[in-house]
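I opened this notebook to keep track of what I looked up, one topic per entry. The entries follow the order in which I went through the topics.

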Amino acid sequence: MKIGIIGTGFVGLTQGAVFADVGHEVVCIDCLEDKIASLKKFCSGKSKKFPIYEPRLPELVKKNYEKGLLTFTTNLEEAVKGSSILFIAVGTPEGADGRADLSAVKRVAQQIGQAMNYKSEEEVYKIIVNKSTVPVGTAQLVKEIIKKETANKFDVVSNPEFLAEGRAVEDSLRPSRIVIGTDSQKATKIMREIYAPFVEQGHPIYSMSNVDAEIVKYSSNTYLGLQIVLTNMFANLSREVGGDWSKIKKAITADARIGKFVHGGLGFGGSCFGKDIEQFIYTLKDNKIDVKLLEEALKQNKNQKTVFMPRILEYFGYSIKGKTFAIWGLSFKPETSDMRDAASIPLIEMLIGEGAKIKAYDPAAMEEAKKVFSGRSQIEDNLTYCKENYKALDGCDALIITAEWNEFKQPDFKKIKKKLKNPVIFDGKDIYQLEEMKRLGFDYFSIGRADVKK
């Protein structure tokens with residue numbers, strides 16, 4: 001199959017590389033000339049810089065570029081003419097009114113329609129696939145936009161992505177499910193052919209209407225987001241009454257009906273859960289369905305990111321002016337440089353707002369952090385980025401962990417204790433054992449377990 005993917009962000013680039021890896025001819029299109037040029041330089045060996053931090057993706061992209069199965073271009077018109085199926089994988093950020101900004105989707109749909117408006121000896125027929133996360137009704141909107149631009153035939157398919165940052169390649173190669181939304185039998189048949197290599201490996205595929213497929217994406221992330229909120233509520237209770245959530249959750253998850261997101265933490269972040277729940281709230285409101293539960297879930301998740309602050313203040317006698325804190329982890333989770341809605345952001349803001357200084361380390365997100373805090377002089381003046389995790393501990397009054405990168409899980413505790421002014425750790429991911437913290441003489445504060453104090 002000849003496939004065009006419009007948008008070379010996290011979703012588009014990953015999906016393009018994976019489609020090429022199973023033998024499809026894929027062209028990735030982007031309007032950003034610098035980005036396309038940088039991808040070509042990387043693939044040709046002229047540069048080591050890859051635009052996205054995602055494990056395994058650089059190698060997969062380069063391998064299939066060298067095979068000639070994956071190419072890059074800024075020429076959308078040419079790509080449309082040369083492709084049978086076109087995936088729209090552009091961003092849908094939150095707009096000024098809080099709703100998903102569909103301007104990029106609309107613009108691309110119009111450009112596709114204009115590029116399709118050509119004559120050919122064979123009948124012109126394209127499948128336009130919405131891969132971007134979009135509100136219910138977007139497939140119909142895209143259809144109407146394209147129809148205004150061309151008399152040639154096409155079908156619009158809703159094909160939501162279910163990729164988690166940090167394991168996007170694995171999620172694409174071994175998808176938990178493939179959802180195809182369209183009322184066209186012809187489009188369904190072709191889409192099944194595209195995904196045949198994955199279905200043959202035992203990964204399920206579901207056919208439904210466009211609307212059904214659009215609801216699947218938002219409802220899936222809403223379920224997961226609510227589960228995280230409930231988990232943290234139970235974990236907080238466990239800590240307050242002297243329980244141990246790490247033990248409680250093992251008994252809870254013995255019930256096969258309860259999912260995997262049951263680890264106490266500082267709330268969810270990233271580009272999906274929060275944004276998708278917010279957009280789902282708008283859809284529900286538009287259809288006169290009560291949304292108090294989801295609004296409260298978002299409020300609780302926001303509050304969870306600040307759960308350490310009162311405990312830090314209490315520990316230091318309600319004054320941290322002049323104190324220095326080491327923060328391990330800036331990204332919203334491991335294996336990504338993404339800091340969207342990361343717990344580290346409000347924590348850094350509040351600590352510095354109380355007069356503290358920060359020394360931070362993250363394996364991938366420090367350059368992103370500089371962008372996040374750019375222009376905020378109070379934070380920039382009091383935030384130091386360290387090239388190594390132990391270096392961040394020098395002269396610090398406490399260590400705070402906000403993301404569970406593997407290199408944080410089994411550290412040299414003797415070195416940590418020696419470098420810190422006070423042997424105290426605030427663990428936002430519950431990655432250390434209480435018994436070990438007691439034995440080593442740390443004051444240890446976690447999410448779902450009782451505090452350890454000397």
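**Entry 1. The N-terminal strands.** In which sense do β1 and strand β2 pair, and over how many bridges? I note beforehand that this is a predicted model. I looked up the two strands, β1 at residues 2-6 and β2 at residues 25-29, and found the parallel sense with five bridges. For one position I took down the partner: I6 is bridged to I29 in β2. I then checked burial along β1, and four of its five residues are buried, which leaves the strand mostly covered.

**Entry 2. The six-stranded sheet.** I turned to the sheet whose strand order reads β11-β10-β9-β12-β13-β14. The sheet is open, and its pairing is parallel. Which strands are at the edges? They are β11 (383-385) and β14 (443-445), each of which pairs on one side only. From one strand to the next, the twist averages 20°.

I went through some of the pairings inside this sheet. Strand β9, residues 324-328, is joined to β10 by five bridges, and the two run parallel. On that pairing, F325 has I358 of β10 opposite. Strand β13, residues 424-427, is joined to β14 by three bridges, again with a parallel run. There, V424 faces D443 of β14 as the opposite residue.

Why do I call β10 largely enclosed by the rest of the structure? Its residues are 357-361, and four of the five are buried, so the description holds.

**Entry 3. Nonpolar cores.** How many residues are in the largest nonpolar core? I read 63, and the residues with the most contacts inside it are I312, F325, W328, L351 and Y432. Helix α15, residues 344-353, supplies the largest share of this core, with five residues. A second core is separate from it and has 42 residues, including V61, L173, F198 and I205.

I listed the surroundings of Y432, leaving out neighbours within four places in sequence. Among its contacts are the aromatic residues W328, F408, F413 and Y444. I also wrote down I401, I425, M437 and P411. The list further holds K409, D427 and R449. W328 therefore appears twice in my notes, as a residue with many contacts in the core and as a contact of Y432.

**Entry 4. Aromatic pairs.** I counted 22 aromatic pairs. One of them is Y53 with W405, which is edge-to-face at 6.3 Å centre to centre and 65° between the planes. Y53 lies in the loop between α2 (33-43) and α3 (57-66), and W405 in the loop between β12 (398-401) and α18 (406-409), so the pair ties together parts 352 residues apart in sequence. Is each partner buried, exposed or partly exposed? Y53 is partly exposed, at 34% relative accessible area. W405 has 3% relative accessibility and counts as buried.

For F268 and F273 the ring centres are 5.7 Å apart and the planes stand at 80°, so this pair is edge-to-face. Both F268 and F273 are buried.

I also noted an aromatic cluster made up of F308, Y315, F316, F325, F426 and F445. F325 had come up before, opposite I358 in β10.

**Entry 5. Charges over rings.** Which ring does the charged end of K415 sit over? The ring is that of Y390, with 4.6 Å to its centre. I recorded K62 over the face of F42 as well, 6.0 Å from the ring centre.

**Entry 6. Two residues of helix α10.** I looked up Y223, which lies in helix α10 (residues 210-240). Its relative accessible area is 65%, so Y223 is exposed. I took F198 as a reference point: Y223 and F198 are 25 residues apart in sequence and 25 Å apart in space, C-alpha to C-alpha.

N236 is found in helix α10 too. Is N236 buried or exposed? With a relative accessible area of 17%, N236 is buried, since the cut-off for burial is under 20%. Leaving aside neighbours within four places in sequence, N236 is in contact with Q304, V307 and I447. I then computed its separation from S446: 210 residues in sequence, and 9.5 Å in space from C-alpha to C-alpha.

Key: Residues numbered from 1 in each chain as written. Predicted model: local features only at pLDDT ≥ 70, side-chain atom pairs only at ≥ 80, totals over all residues. Heavy atoms only, no water. Pairing = 2+ DSSP bridges. Axes fitted to C-alpha atoms, helices over the stretch in contact; angles between N-to-C directions. Core = buried A, V, L, I, M, F, W, Y, C linked by side-chain atoms within 4.5 Å. Buried < 20%, exposed > 50% of the residue type's maximum accessible area, 1.4 Å probe, protein only. Contact = heavy atoms within 4.5 Å. Phe/Tyr/Trp six-rings, centres within 6.5 Å; stacked < 30°, edge-to-face > 60°. Lys NZ or Arg CZ within 6 Å of the ring centre and 35° of its normal.
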